[in-house]
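Visitor: I am new to this structure and would like a close look at a single part. Could you walk me through the charged pairs in one helix?

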Amino acid sequence: MDERRQSELENKLRATLREHQHEGLNMIGNSEELVHRLVRAVSEWIEDRPVYQRSA
């Protein structure tokens, strides 16, 4: 993964974590919700890639 793509992913994950914390879901017992949100964030990030880059 090049540095630009890694930075994009890091920013997306940070934003997802901030949203999770803002909603007060960062308490013990809500880790499953955080994991689901992070997986969705990565899935969206992957979908934003051009098709020719996905196979690389």
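Guide: Here is a walk through the salt bridges of helix α1. This is a predicted model, in which local features need pLDDT of at least 70 and side-chain atom pairs count only at pLDDT 80 or more, while totals for chains, interfaces and linings use all residues. Residues are numbered from 1 along each chain as its sequence is written, and side-chain values use heavy atoms, with hydrogens and water left out.

Helix α1 covers residues 3-22 and has the highest mean pLDDT among the elements of the protein, 88 (pLDDT is the predictor's confidence in each residue, from 0 to 100; helices are DSSP runs of H or I with at least four residues, numbered from the N terminus).

Let us start with Glu8. Glu8 forms a salt bridge with Arg4, their closest N and O atoms being 2.6 Å apart (a salt bridge is a side-chain nitrogen of Lys or Arg within 4 Å of a carboxyl oxygen of Asp or Glu). Glu8 also pairs with Arg5, here with the closest N and O atoms 2.5 Å apart. Along helix α1, Arg4 lies 4 residues from Glu8 and Arg5 lies 3 residues from Glu8, about one turn of the helix in each case. Arg5 is buried, at 10% relative accessible area, whereas Glu8 is partly exposed at 30% (buried means under 20%, exposed over 50%, partly exposed in between, with a 1.4 Å probe and protein chains only).

Further along, Glu10 forms a salt bridge with Arg14, with 3.9 Å between the closest N and O atoms. These two residues of helix α1 are 4 residues apart, about one turn. Glu10 is partly exposed at 34%, and so is Arg14 at 44%.
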